[in-house]
Every structure is written in C-alpha cells, then in structure tokens.
Amino acid sequence: MKEHFQLTVADILKRKHFESAQVIAGEDGIHRFVKWVHVVEVTSIRNLLNGNELILSTGVAWKDNVDLFASMVKEFLENNAAGLCIEMGTYMSAIPTEVIEFANEYQFPIIVFEKEVPFVQITQDIHSNIINQQYQMISDLENYSQSLNKRLLTMDRYEDILHCIFAALELQIIFRLKNVDYEFVPEISEIEQKTMVTRLDEAKIQPCEYIASAPIFLFGQEYAEVFIYSKDIPISEYDLLILDRTATALAQHLLRDRYVEEKKRVEEFEWLYGWLEGEHSLESINEYFAQNGIKTRTNEAVVLITKLIPIKEKVTQDVTYLKLLFRSVFEQNGFTVFTVEKRNEITFILVNNRAKKNIKERIKTSIESITDSEFIQKQCSAKIVIAAGNFIKSLNEVHKSYLTAKETERIQQRMNNKSLYYFYEDLHLYRLISQMSKHVNLQEYAAEYLQPVIQYDQKYNGKLLETLKAYLECNGSKQETSNKLFIVRQTLYHRLQKLENILGEDFMEHEKRVAIEFMLLVQDYLAASQPNANQARFLKTE
C-alpha cells in the first residue's frame, strides 16, 4: 500500500526537537495517526479535541494529583488523541506508575522530554508538515481526477478504471455489479477470494477501518459497488477521496455503456414490432435470441404499455433515460427486457427468468420502485401510466399479451380510479363492459336503473348516487356507510328511504343489487370519456 499523507506518532519521533524524547508507555500505539498538535495545560478538554491530536504539556495542571493525571490520560484516550508529550523537570519529575500501566494497557503513547523544549517550534514544524501534506494530497487528488477523466474518453472497459485506482493506491480492489460475482484487481486465489468476500459481508454489519466501499447509482438505483481493502494500514482520508472519484468515473462509464446499448436497441425495433404483431414463430424467436446472445430460463412473458402524458415540453428527451431506468429495475427483478418506442408510448416485453409464482409481485415492486425514483419524482417531464396485458406461457403468443395490454390501456383511460398501473387480469367487469359497449347501447341500460337517482340529485342535491355507491361498497353496513360518508345515521336512514322509494324496496336483493352495481361501473366507464355529454343523456326527461 502506498502511504499517502499518514503522519504517525512514529514519524513525529524522527523530527527535530524529538532527538532526546523517549516513549515511556504505550509504545505499541506509535502507529496512531496525527492530524494536529495541541498544547493542553487545563483539566477540562472535552470540547477542545476533535480526535488524532498529539498533546503537548508541562503537566502543570495535574503535577500534584495522580488521580487527576490518570483521569486526564483517560480523557485523552476517550477523545481519540494520538498521544501525550510531557516536558519533564519544570513541573513534573516522574510519570506515575498507574498512568504508565494504563497507557500500556490501551496502547496510548506517552513521550517525555528530559529537558526543556520549544513547544511553539514543535507545533510550527508539525503543523507546517501537515499543511504541506494536505496541499500535496489535494494536488495529487486533482491530478488523479484529471488523468482519469482523460482516460475515460478512450477506455472501452470498466476494468481499466479498476486498474487506475489500484495503480494510485496499491490496495486490493474489489468490484461487483448488482447480482454478479465479485471481481478482484489484482487477481487473487479462489481461497483468498472467499475469505475476502466474508470480510466484506462482515464489514457491512460491523464497520472495519481496513475496508471501505462506495456504491454506484444509476437513476437512483444501486447498480454496482467498489471496495478497497488494506491488509495492514487503516484506510486514510486520501484513500476515501480517491475511491469516491473512482466511483463517479465508474458511474459515468457504466451510464455511457448503457446509453450506447440502448441506442443499438433502436435497430431492433422492426423485429420487435413484428413480434408484437405475431409475425414470428417460436423457432424464429429462439433463433433470434441465439444470434444475439440472449438467454432466458422460461417462455413466460407479459407486455407492458407505458404511456407518457406530457406535463412539460420536450418529453422526447426523457424517453431514452426512461428506457434505461425501466430496463435496469426490471432486470434486477428477474426479467429480460425488450422495448419498442412509438411517439409518447413505450412498450416493454418482459420475459420471466425466475419462478412464475411471484411474477406479478415482482412487476408491481419494479413499477413502484420506478415511480418512486428521483428521476420520475423530480426530473421527468411526463406523467407515466402503465397497462399490463395477460401473462402468456409461450413466446410466440406475445401478440396476445400485447392486444390485452392495449385493451387495458383503453379501459384505463375511461376509469375514474386513476391508478398509475393496471393488470388486464384485475379489470374483471370493466373488460366485460368494454366488450359490451362495442355491440349494445349501455347508456340506455344504465339510465334505466340510475336515471331517477341522478335526476333526484340534480333537483334536490340529495347525494343519493354517492350514498348508493358507498352503501353497496360497504355490503349494506349502515355503520360503515355513515362513517365512510361522514354523516350521522339519521341522515343515512333518510337517504336510504329515498333510494327505496326510487329503486324499489328490493334494490339490495341479490340479482337487482348485482345489476345496480354493474350499472354504476358502466356509468363511471361511460362518464370518464365524455362526462358532460353522458350525464346529459342520463338526465334526459321522459
């Protein structure tokens, strides 16, 4: 490992004014790092230290009190001081045995000057060295960043970046793409790799000063992680800064690779569109996969249609990044992803690579992760609505899933409950309504049941339709209905009596109730696309 800017107590013992200094206790701790020098001649230091200070003192504050001296050393240790240097002769002639034993036990260096030394010159010397090191660290860090940015223009593989950080730090570098095996630079034996992975897992639970990591995010999702490991010297601040800049470079490189890959996929559009239209046999699909190195574990698939509803200008700028985001998230959840882009609509073909039993849950998890991402929440210039088709068991039936996804999209546009996504299999009665609307006049059927209720509301503002919906949704529970509508029971009883007068006392009997519930869905479905016109038809006079 290259020792960058790690000034230790041992290094300071070699400097001017320490020629005659002696380590009388805690010699095993002279590897402690020194970030500053502080002169202490008081007995309360808790607010004076930030950690890694080398303490200079004459001992005047505790010269006649052994217990106070021991307490001060304990405080220095608790505040992570690097060590204690005491000038002997002026106020102190010896270090108490109790203090020496305590310092030895906790490897806390105590250094004595047998003669008077210039504290001012010592602090100037060490501070100058520390400041120069900091300046050199900033300079080296800037040089590394510039060199790395220049090389990024010509690097073809992210492995080249890993070799750059290894050359800069000479530490073991470990890299892992999400859901992929670890990579090691330089290469180590298989046994060493297993040991290293175990240490990395332990470090995630209990932080270790010899291991550091930096996650790599693409579109708010953790895409990879890079680690550095030191065998003998704790990770320094400089190492962490180099690691951070390397992680940024890796993110840029990986993003560029994904962007290039996405551009290449544009060429696949024609073939994929034919797949959606049912033009390819199972044999030709498998042949296409083999030619392009696409491996799938199952023949199960589903089609998702993602509609982009503009809320700002230039929605087209979002499309490539949206495809990258969708692909990244769905791949992490066990799908091979194909995309077909058409205007403000992106069609995704998801081929399942895991167990079928939780395929729907994984799709939901993916969609929710996407819609909650920072890009969607803060940067995307369009509202996203997703329609999922039927799940199919053979890849040459993708066109069936596509047709049902389009049907889901059409129904979705005419539903009052504007969820961000719907599955075809969950639409139930809406699918029936959609098919019936193509052959019969559903408005007349709905008006037969609901027109008197709507007319009453229009004339008296009775809120009977709202009450009817709530009463049915609560399965006829008066208490639940009144709570849901935030009205007293007496008001509810009055409205229910009006509904009985209009719809008949039997409106809650099974067949009639089912018909009314169905017509309420029909009314919502028809009113969603043309609310004013449809309501006018419902309210027509005899």
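Trainee: What makes K307 and E345 a salt bridge?
Mentor: This is a predicted model, to begin with. In it, the side chains of K307 and E345 come together with N and O 3.8 Å apart. The cut-off is a Lys or Arg side-chain nitrogen within 4 Å of an Asp or Glu carboxyl oxygen, so the pair qualifies.

Trainee: Where in the chain do K307 and E345 lie?
Mentor: In distant parts, 38 residues apart. K307 belongs to strand β10 (residues 301–310), and E345 to strand β12 (residues 345–352).

Trainee: Is K307 buried, partly exposed or exposed, and what of E345?
Mentor: K307 has a relative accessible area of 31%, hence partly exposed. E345 has 15% and is buried. Buried means under 20% and exposed means over 50%, so 31% falls in between and 15% falls below.

Trainee: What makes K323 and E341 a salt bridge?
Mentor: Their closest N and O atoms are 3.1 Å apart. The limit is 4 Å, so this pair passes too.

Trainee: How do you know that K323 is buried, and how is E341 classed?
Mentor: K323 has a relative accessible area of 5%, so K323 is buried. E341, at 34%, counts as partly exposed.

Trainee: How many salt bridges are there, and which residues form a network?
Mentor: The structure holds 14 salt bridges. R157, E159 and D160 are linked in a network of them.

Trainee: What puts K194 and E190 about one turn of the helix apart?
Mentor: Both lie in helix α6 (residues 190–205), with a spacing of four residues. Their side chains form a salt bridge at 4.0 Å, N to O. Both residues are exposed.

Trainee: Which strands are the edge strands of the five-strand sheet?
Mentor: The order is β11-β12-β10-β13-β14, in an open sheet with mixed pairing. β11 and β14 (421–423) are the edges: each pairs on one side only. From one strand to the next, the twist averages 20°.

Trainee: How do you know that β11 and β12 pair?
Mentor: They share eight bridges, in the antiparallel sense. At least two bridges are needed, so the two strands count as paired. Within this pairing, T336 stands opposite V351 in β12.

Trainee: Which helix lies across β10, and at what angle?
Mentor: Helix α13 (residues 398–412) does, running at about 35° to β10. The helix also lies across β12, β13 (382–388) and β14.

Trainee: How many aromatic pairs does a search of the whole structure find?
Mentor: It finds 21 aromatic pairs.

Trainee: Why is the pair F326 and F348 called stacked?
Mentor: The centres are 4.6 Å apart, with 10° between the planes. Pairing needs centres within 6.5 Å, and stacking needs planes under 30 degrees apart, so both tests are met. The two rings come from distant parts of the chain: F326 from helix α10 and F348 from strand β12, 22 residues apart.

Trainee: How do you know that F326 and F348 are buried?
Mentor: F326 is at 1% relative accessibility. F348 is at 0%. The limit for buried is under 20%, so both residues satisfy it.

Trainee: Why is the pair Y421 and F423 called edge-to-face?
Mentor: The angle between the planes is 90°, and the centres lie 6.1 Å apart. Planes over 60 degrees apart count as edge-to-face, so the label fits. Y421 is buried at 18%. F423 is buried at 2%.

Trainee: What sits over the ring of F423?
Mentor: The charged end of K360, 5.1 Å from the ring centre. The distance limit is 6 Å, so this value lies inside it. R176, in turn, lies over the face of Y182, at 4.7 Å from the ring centre.

Trainee: How do you know that the bond between V185 and P186 is cis?
Mentor: Its omega is about -5°, a cis peptide bond. P186 is in the loop between β7 (183–185) and α6.

Trainee: What makes the phi of H17 and of E170 notable?
Mentor: Most residues other than glycine have a negative phi. H17 has a positive value, near 80°. E170 is also positive, near 55°. H17 sits in the loop between α1 (9–12) and β1 (22–25), and E170 in the loop between α5 (158–169) and β6 (172–177). H17 is buried at 14%, whereas E170 is partly exposed at 40%.

Note on methods:
Residues numbered from 1 in each chain as written. Predicted model: local features only at pLDDT ≥ 70, side-chain atom pairs only at ≥ 80, totals over all residues. Heavy atoms only, no water. Helix = DSSP H or I, 4+ residues; strand = E, 2+ residues; numbered from the N terminus. Buried < 20%, exposed > 50% of the residue type's maximum accessible area, 1.4 Å probe, protein only. Axes fitted to C-alpha atoms, helices over the stretch in contact; angles between N-to-C directions. Contact = heavy atoms within 4.5 Å. Phe/Tyr/Trp six-rings, centres within 6.5 Å; stacked < 30°, edge-to-face > 60°. Lys NZ or Arg CZ within 6 Å of the ring centre and 35° of its normal.
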